[in-house]
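Visitor: Got a minute to walk me through this one? I'd like to start with how the chains sit together and then poke around inside.

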Protein chains: 2
Amino acid sequence: MPREQQQREEAPPGYVPPMSPEEVAAVEALLCYEFKDKSLVGLALTHGSFYLPYRSGDATYERLEYLGDAVLTCLVSREVFLTYRDLPPGPLTRLRAANVDKEKLARIAVDHGIHRFLRHKAPKLEEQIADFVKELCQYEYHSNGLLDAPKVLSDIVESLIGAIYLDSKYNQELVWQVFRKLANPLISLETLGKHPVSELLEFGQKTGRIVDISKDGWVKDTKVDVFVDGVLVASATYAQKKEIASNRAAKAALDKLKEKSGQSDVLSAPGEAPEPLDELGRAGALELQ
Amino acid sequence: MPREQQQREEAPPGYVPPMSPEEVAAVEALLCYEFKDKSLVGLALTHGSFYLPYRSGDATYERLEYLGDAVLTCLVSREVFLTYRDLPPGPLTRLRAANVDKEKLARIAVDHGIHRFLRHKAPKLEEQIADFVKELCQYEYHSNGLLDAPKVLSDIVESLIGAIYLDSKYNQELVWQVFRKLANPLISLETLGKHPVSELLEFGQKTGRIVDISKDGWVKDTKVDVFVDGVLVASATYAQKKEIASNRAAKAALDKLKEKSGQSDVLSAPGEAPEPLDELGRAGALELQ
């Protein structure tokens, strides 16, 4: 059979190549959860590429990831709802997002070495993971859009959570216990950073300066430029994703603007009234940290 | 105090004007759930405008809505996950969305008369609700983007679900019992319709015809036109939302194309091979129903 055709053949339905009992035990140990159905562990850690040269069949982590994502969103919603009893839905949603987004979950995978158990045959994934691991330590809690977290890492955290939810017969308190430990420390109102693009646009609004994050040239040379009042302030290049390039350019521009004045009032208009509270009720959100 | 300034004053914090015991009991009866904390019922049904001429404070349904939305998403995810054991995440997500989206939840509010207990002072809401109620009966399960469901109606279903989740100390099985009864019948793979814009674009791809849904004129005259191979096939106007106008124009175009041929193969290219399965594994999805 020609190789191309062979690659399109489905993997045998429902078959999950077993994981060794030692590996299963290692995953259970790092999750602090013992599975009744051990086969869920292998399933939750199996990427579609694992079946090469077959086409990936139904036995990958994708359905568990779908379930785990919904369970996590619910439990983290409850947590921030109960922790911040007066916070309106807008900031609640931002806090929830920061605790269940791709980067936070990918960080959890790396922090606990969950990524070492991922079963795949896509060498490119290894590179992406290695790059992410290298850059991760630069940001204590969250990069707010500067890091390009590999989706596969957040996927397997969600799929393992989905697996625990299933295995425990939908015991959300048990799932929460596991996640709470893995995710420690959760991002709080105090550690929730600002997205650099929002921060830069707010700066423009507050100071009456015209901020232009120009992505026109990205397709040509993967570069995004930031102009303030028509003057080029900073640029960043990132070939894989335009959004990451924009976020990095915005961050570089903010750093330049702050450095230039060397003062905390750099991002305020001259003679401006005291800073209003930002949407999270924190004062001086645009000033130097 | 001038009226304008008075309007900006916050409502007293945490104060929820009480709901009569008769009304609370009526809501409990229609939910088949008896609240321990009766004040949650009033809170879940209080729109920001209820505090006029004060500015709405913290005592509105918004936080409960945020919580209920997350809980519902989780429980409906589980339901479709368990019902369709081989379905991939894409169709699972579509099925979930159809059962928790604005229209489905607004339909639940109307079907059970929950909207009659909404506390607000925004006459425009009454109009929107009345329009929606009038049009609803045209669609057995879901209009798939043709109806403009008032968000306030889905909000109060979510907030009541959030209130039950809180009141029952996070008892998801109890919440599910209540929702399952309210939402009956849930939208299944068999009753899940197609979104008219997707259906029209698929038709273009399959038949090699150029479909253009032109929204350029919407701002001027709230009209969206559909061209197939450069010929105007149908139009629709809807002033409130461009998206609804587009969906209605796409639906009108599909109806025209089907009517024109009067045959079930209208949406297939001539001499085409038998229909492939669509993403939900159903054959002939583009043919006449």
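Guide: Sure. This is a predicted model. Chain B can be laid on chain A by a turn of 180° and a shift of 0.1 Å along the axis, with an RMSD of 0.1 Å. That is the relation of a two-fold axis.

Visitor: Which residue of chain B comes closest to the rotation axis?

Guide: That's C74(B), whose C-alpha is at 3.1 Å from the axis. The two copies also use the same surface: 100% of the contact residues of chain B recur in chain A.

Visitor: How many residues does each chain put into the contact?

Guide: Chain A gives 29 residues and chain B gives 29 residues. Between them, about 2500 Å² is buried, and carbon and sulfur atoms give 61% of that.

Visitor: Which three residues supply more of chain B's buried area than any other three?

Guide: R63(B), Y66(B) and F81(B), which together supply 34% of the area that chain B buries against chain A.

Visitor: And the polar side? How many salt bridges are there between chain B and chain A?

Guide: The count is zero. Polar contacts do turn up, though: twelve residue pairs across the interface, with both residues at pLDDT 80 or more.

Visitor: Which helices of chain B supply at least two residues each to that side?

Guide: α4 (62-83), α5 (89-100), α8 (151-167) and α9 (172-182) of chain B. The largest share comes from α4(B), with 15 residues.

Visitor: OK, moving inside. What's the overall make-up of chain A?

Guide: Chain A has twelve helices and three strands. Of its 289 residues, 51% count as buried. As for contacts between residues at least 6 apart in sequence, 64% of those in chain A join residues at least 24 apart.

Visitor: Which residues touch the most other members of the largest nonpolar core?

Guide: L31(A), F179(A), L31(B) and F179(B), out of 132 residues in that core. Take L31(A): leaving aside neighbours within four places in sequence, L31(A) is in contact with I114(A), L160(A), I164(A), V178(A) and L182(A). There is also a second, separate core of 20 residues, and F203(A), V211(A), V224(A) and L254(A) are among its members.

Visitor: Makes sense as a general trend, I guess?

Guide: Yes, nonpolar side chains tend to be buried together in soluble globular proteins.

Visitor: I'm curious about V197(A). Where does it lie, and is it buried or exposed?

Guide: V197(A) is in helix α10 of chain A, residues 196-207. V197(A) counts as buried because its relative accessibility is 18%, and the cut-off for buried is under 20%.

Visitor: What does V197(A) touch, not counting residues up to four places away in sequence?

Guide: I213(A), S246(A), N247(A) and A250(A). With S246(A), the C-alpha atoms are 7.6 Å apart in space, while the two residues are 49 apart in sequence.

Visitor: Now backbone oddities. Which residue joins P53(A) through a cis peptide bond?

Guide: L52(A), with omega about 10°. P53(A) sits in the loop between α3 (39-44) and α4 (62-83) of chain A. Another cis bond runs from N184(A) to P185(A), where omega is near -5°. P185(A) is in the loop between α9 (172-182) and α10 of chain A.

Visitor: And phi? What is it for N144(A)?

Guide: N144(A) has a positive phi of about 50°, although it is not a glycine. K169(A) isn't a glycine either and has a positive phi of about 55°. For background, most residues other than glycine have a negative phi, and most peptide bonds are trans.

Visitor: Where are those two, N144(A) and K169(A)?

Guide: N144(A) is in the loop between α7 (123-136) and α8 (151-167) of chain A, and K169(A) is in the loop between α8 and α9 of chain A.

Visitor: Buried or exposed, for N144(A) and for K169(A)?

Guide: N144(A) counts as buried, at 17% relative accessibility, whereas K169(A) is exposed, with a relative accessible area of 67%.

Visitor: Last one: what is N144(A) in contact with, leaving aside its neighbours within four places in sequence?

Guide: E103(A), plus G193(A), K194(A), H195(A) and P196(A).

Terms used: Residues are numbered from 1 along each chain as its sequence is written. Chains are lettered from A and ligands numbered from 1 in the order in which they are written. This is a predicted model: local features need pLDDT of at least 70, side-chain atom pairs count only at pLDDT 80 or more; totals for chains, interfaces and linings use all residues. Side-chain values use heavy atoms; hydrogens and water are left out. Copies are superposed by least squares on the C-alpha atoms of residues with pLDDT of at least 70 in both. Contact means heavy atoms within 4.5 Å. Helices (H or I, at least four residues) and strands (E, at least two) are DSSP runs, numbered from the N terminus. Buried means under 20% relative accessible area, exposed over 50%, partly exposed in between (1.4 Å probe, protein chains only). A nonpolar core is a set of buried Ala, Val, Leu, Ile, Met, Phe, Trp, Tyr and Cys residues joined through side-chain atoms within 4.5 Å. Buried area is the accessible area (1.4 Å probe) that two parts lose on being put together, summed over both. A salt bridge is a side-chain nitrogen of Lys or Arg within 4 Å of a carboxyl oxygen of Asp or Glu. A polar contact is a pair of N or O atoms within 3.5 Å; within protein, one must be able to donate a hydrogen and the other to accept it, and residues adjacent in sequence count only if both atoms are side-chain atoms.
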